[in-house]
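Reader: I would like to test a few labels against their criteria. Show me the model, and I will ask.

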Amino acid sequence: MDFDEFREFGHASIEFIINYLSGIRERDVLPSVAPYTVINQLPKEIPEKPEHWREVLKDLEGIILPGLTHWQSPYFNAFYPSSSSAGSIVGELLIAGIGVLGFSWICSPACTELEVVVMDWLAKFLKLPEHFQHASDGPGGGVIQGSASEAVLVAVLAAREQAVISCKETHPELSESEVRGKLIAYSSDQSNSCIEKAGVLAAMPIKLLPADDDLILRGNTLRKAIEDDVAAGLIPVICIATLGTTGTCAYDDIDSLADVCQALNVWLHVDAAYAGGGFALEECTDLRRGLDRVDSLNFNLHKFMLVNFDCSAMWLRDANKVVDSFNVDRIYLKHKHEGQSQIPDFRHWQIPLGRRFRALKVWITFRTLGAEGLRSHVRKHIALAQQFEAFVRNDSRFEMVAPQALGLVCFRPRGDNEHTAQLLQRLMERKKIYMVKAEHAGRQFLRFAVCGMDAKPSDIEFAWTEIETQLTALLAEKSLPARKPSNVSELTQHFQMHLASDSGTHEKSQ
Ligand code: PLP
């Protein structure tokens with residue numbers, strides 16, 4: 001493909017993306033395809049002769065799009081958002097166009113240095129303790145990983161290696177394999193599946209401790225577990241706390257967990273994959289309590305900072321602990337500026353050797369939206385979740401299951417679990433909105449997460465109308481009385497006005 005054709009292909013592809021995104025509300029959020037639909041429509045081998053890009057775009061439209069779940073649709077209300085923005089999409093294109101790898105500074109100095117800059121920008125924007133910045137005097141700093149799962153695994157592996165080093169010093173009578181066989185880690189039973197998986201990959205059991213009734217893990221539970229394990233001869237290594245659990249966006253009590261971890265020399269990692277976005281807001285100051293005492297934390301920019309997947313920020317209080325744990329050298333990887341302050345060789349901070357130039361899309365996103373735009377995006381999701389919560393509370397057939405937190409509302413139709421399951425099944429069959437259910441203490445509930453590139457109050461009203469009319473239909477089928485709430489549009493208008501008057505007034509009003 002020559003550059004003229006490349007230009008034409010590129011322009012057509014941007015048009016394609018704009019058409020797709022601008023018309024996303026017209027598509028059912030869930031696809032209507034049976035398994036193998038895509039496989040059966042595609043050839044079994046690479047085409048022998050090159051094909052024209054127009055043919056490829058035609059098949060993208062005709063074969064691939066009908067088989068997609070539309071994550072950027074405001075009617076995608078499952079899991080947590082995987083957000084995007086025009087700046088970030090173009091950033092991703094530029095990353096591919098420039099095509100550099102940045103595993104060490106010399107591989108592409110600007111790649112490393114831009115990452116240092118944007119990670120410090122982000123640390124300041126999120127009001128994290130200063131020691132997490134590369135520019136601070138200490139050994140802290142931030143790095144971009146692909147996913148929260150990778151960040152957690154890096155923390156678990158580094159904590160494990162640090163524990164082995166220190167145990168070999170304090171217990172010289174134990175062999176290394178004896179030490180490794182005694183290691184143990186902790187998290188809550190509300191933590192994301194990636195935490196348990198990190199334990200599997202790190203060959204170190206992670207105990208999932210029971211959260212309290214309010215779904216929060218507190219220091220007293222951790223202390224008791226650690227004391228029991230130490231008495232049984234085990235070696236505690238790390239506790240992974242969560243700010244913003246996947247089920248209900250509950251916040252573990254970092255302060256009391258830090259008390260225990262500091263006293264017992266246990267690494268404390270915070271998984272703030274979703275809720276980290278809230279750190280930026282003055283009105284969410286409480287969320288940041290205790291972060292000055294954690295060893296590492298992660299936050300997914302692809303969830304709440306309008307940077308497209310994949311992009312997960314991780315900060316370390318003492319990056320040397322990771323670098324020393326993972327440092328494997330080869331002569332071809334050496335360069336003369338190694339070890340110089342503020343120009344890290346990020347290959348030591350991560351699992352793969354090669355690394356993408358993700359800092360570029362972060363930089364472009366931050367510059368094109370500004371701190372103001374990022375904050376108002378988080379605030380908009382909170383306001384839209386509050387709108388949804390108002391709908392739930394206004395309809396006596398439903399009940400809230402947990403407090404609304406950031407952009408998440410957990411609710412259920414009153415009645416047994418079957419009722420919840422049947423409502424969700426109807427919604428999934430209609431494909432107009434997409435939610436998932438979760439369960440706590442034997443009670444199933446629905447999670448409504450505000451998602452999409454540009455969700456609006458009218459989208460929340462659309463989703464709610466879909467939910468409540470399907471409940472009405474379900475109740476009618478079961479010959480149960482249905483009460484239809486009347487003032488849904490009035491509530492939407494109220495939230496529309498609230499959002500219109502938003503623009504930065506929150507901080508002043510605190
Ligand atoms: N942690 C929490 C709290 C999550 O909600 C999620 C995913 O939603 C993850 C971790 C996993 O994120 P990733 O897909 O970036 O590994």
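Reader: What makes Ser149 a polar contact of the ligand?

Author: This is a predicted model. In it, an N or O atom in the side chain of Ser149 lies 2.4 Å from an oxygen atom of the ligand. A polar contact needs a pair of N or O atoms within 3.5 Å, so the pair qualifies.

Reader: How do you know that Asp271 qualifies with a nitrogen atom of the ligand?

Author: A polar side-chain atom of Asp271 is 2.6 Å from that nitrogen atom. The limit is 3.5 Å, so this is a polar contact. The protein buries 85% of the 400 Å² that the ligand exposes when taken alone.

Reader: Which part of Ala148 faces an oxygen atom of the ligand?

Author: A backbone N or O atom, at 2.8 Å. That is within 3.5 Å, so Ala148 makes a polar contact too. Among the 13 residues around the ligand, Ala148, Ser149, Thr246, Asp271 and Asn300 come nearest.

Reader: Which helices supply at least two residues each of the shell around the ligand?

Author: Helix 6 (148–170) and helix 11 (301–304). The shell itself has four nonpolar, seven polar and two charged residues.

Reader: Why are strand 2 and strand 3 called paired?

Author: Pairing takes at least two bridges. Strand 2 (residues 183–188) and strand 3 (residues 206–209) have four, so they pair, in the parallel sense. Ala185 stands opposite Ile206 of strand 3.

Reader: What lies with strand 2 and strand 3 in the β-α-β unit, and what is its hand?

Author: Helix 8 (residues 193–201) completes the unit, which is right-handed.

Technical notes. Residues numbered from 1 in each chain as written. Predicted model: local features only at pLDDT ≥ 70, side-chain atom pairs only at ≥ 80, totals over all residues. Heavy atoms only, no water. Near = heavy atom within 4 Å. Polar contact = N/O pair within 3.5 Å; in protein donor to acceptor, adjacent residues only side chain to side chain. Areas by Shrake-Rupley, 256 points an atom, 1.4 Å probe, with all protein chains shown as cover. Nonpolar A, V, L, I, M, F, W, Y, C, P; charged D, E, K, R; others polar. Right-handed = clockwise from strand over helix to strand, strands pointing away.
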